[in-house]
Amino acid sequence: MNSCLNGALLKWRAGEYLREILLGDGDIAALVSEHVYPIIAPENTVGAFIVYNRVKYTRDYTKFGLTADVARIDVTIISEDYDQTLDLAELVDAVLSGTHSSEDGLKLTFKLHDSQEGFEDFKYYQILTFDIE
């Protein structure tokens, strides 16, 4: 199997890999404990937490086959404390941005694509959108 296809397979599980990276950082883990969830947090989750979800996955082909693929993942940071969402957003951006190697040697590069913030259900949130190549 070619390395581009191996990388493509890894992109389907990029969220799981993202979770490992975030929880592997002591500063982030200190603020959210184990509260990093795919798609939705459990009801009544207390304190700051992070939710991630893949919002897009595309592949580029030429007549020679697969040439590139990109997953896009939203990382949503939620807290009742606005400043805490900013602190976590800065940490998440610093920890994820750049190239990371998987256990089997494949590389994923995280690039911040977009961000937004808001307030809903009495909680503040920051959404960081990363492209993963």
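**Notebook: ring pairs, pockets and backbone outliers**

I looked up ring contacts to begin with and found that the structure holds 3 aromatic pairs. In one of them, the ring centres of Tyr 82 and Tyr 124 lie 5.4 Å apart with the planes at 65 degrees, so I entered this pair as edge-to-face. Tyr 82 belongs to helix H4 (residues 82-96) and Tyr 124 to strand S6, so the contact ties together parts that are 42 residues apart in sequence. I note for the record that the model is a predicted one.

I then checked how accessible these two tyrosines are. Tyr 82 has a relative accessibility of 31% and counts as partly exposed. Tyr 124 is also entered as partly exposed, because its relative accessible area of 30% falls between the limits of 20% and 50%.

The next pair I examined was Phe 110 with Phe 130. Their ring centres are 6.4 Å apart and their planes stand at 75 degrees; because an angle over 60 degrees counts as edge-to-face, I assigned the pair to that class. Phe 110 sits in strand S5 (residues 107-120) and Phe 130 in strand S6, 20 residues apart, and the pair links distant parts of the chain.

Are Phe 110 and Phe 130 buried or exposed? I found Phe 110 buried, at a relative accessible area of 1%. Phe 130 counts as buried as well, at 0% relative accessibility.

I also asked which residues the ring pairs join into a cluster. The cluster consists of Tyr 82, Phe 119 and Tyr 124.

**Largest pocket**

I turned to the open spaces next. The largest pocket holds about 340 Å³ of space. I counted 16 residues in its lining, and those nearest its centre are Phe 49, Ile 78, Glu 120, Asp 121 and Lys 123.

Which strands each supply at least two residues of this lining? I noted strand S2 (49-62), strand S3 (65-79) and strand S6 (123-132). The largest share, 3 residues, comes from S6. S6 is also the strand that carries Tyr 124 and Phe 130 of the ring pairs. Sorted by class, the lining of the largest pocket has 9 nonpolar, 3 polar and 4 charged residues.

**Second largest pocket**

For the second largest pocket I recorded about 200 Å³ of space. Its lining includes Lys 11, Trp 12, Arg 13, Glu 16, Tyr 52, Arg 54 and Ile 73. Helix H1 (3-12), helix H2 (14-23) and S2 each contribute at least two residues to the lining of this pocket. I classed the lining of the second largest pocket as 6 nonpolar, 2 polar and 4 charged residues.

**Positive phi**

My last search concerned backbone angles. Ile 39 is not a glycine, yet its phi is positive, at about 70 degrees. I located Ile 39 in the loop between strand S1 (36-38) and S2. At 67% relative accessibility, Ile 39 counts as exposed, and it is also one of the residues lining the second largest pocket.

I found a positive phi in Phe 122 too, near 65 degrees, and this residue is likewise other than glycine. Where does Phe 122 lie? I placed it in the loop between S5 and S6. Phe 122 has a relative accessibility of 72%, and because exposed means over 50%, I entered it as exposed.

Note on methods:
Residues are numbered from 1 along each chain as its sequence is written. This is a predicted model: local features need pLDDT of at least 70, side-chain atom pairs count only at pLDDT 80 or more; totals for chains, interfaces and linings use all residues. Side-chain values use heavy atoms; hydrogens and water are left out. On a 1 Å grid over the protein atoms alone, a cavity is a set of points where a 1.4 Å probe fits but cannot get out, and a pocket is an open set with protein on both sides within 12 Å along at least five of seven lines; lining residues have an atom within 4 Å of a point. Grid points are joined across faces, edges and corners, and a volume is the space filled by probe spheres set on the points. Helices (H or I, at least four residues) and strands (E, at least two) are DSSP runs, numbered from the N terminus. Ala, Val, Leu, Ile, Met, Phe, Trp, Tyr, Cys and Pro count as nonpolar, Asp, Glu, Lys and Arg as charged, and the others, Gly among them, as polar. Rings of Phe, Tyr and Trp (its six-membered ring) pair if their centres lie within 6.5 Å; planes under 30 degrees apart count as stacked, over 60 as edge-to-face and the rest as tilted. Buried means under 20% relative accessible area, exposed over 50%, partly exposed in between (1.4 Å probe, protein chains only).
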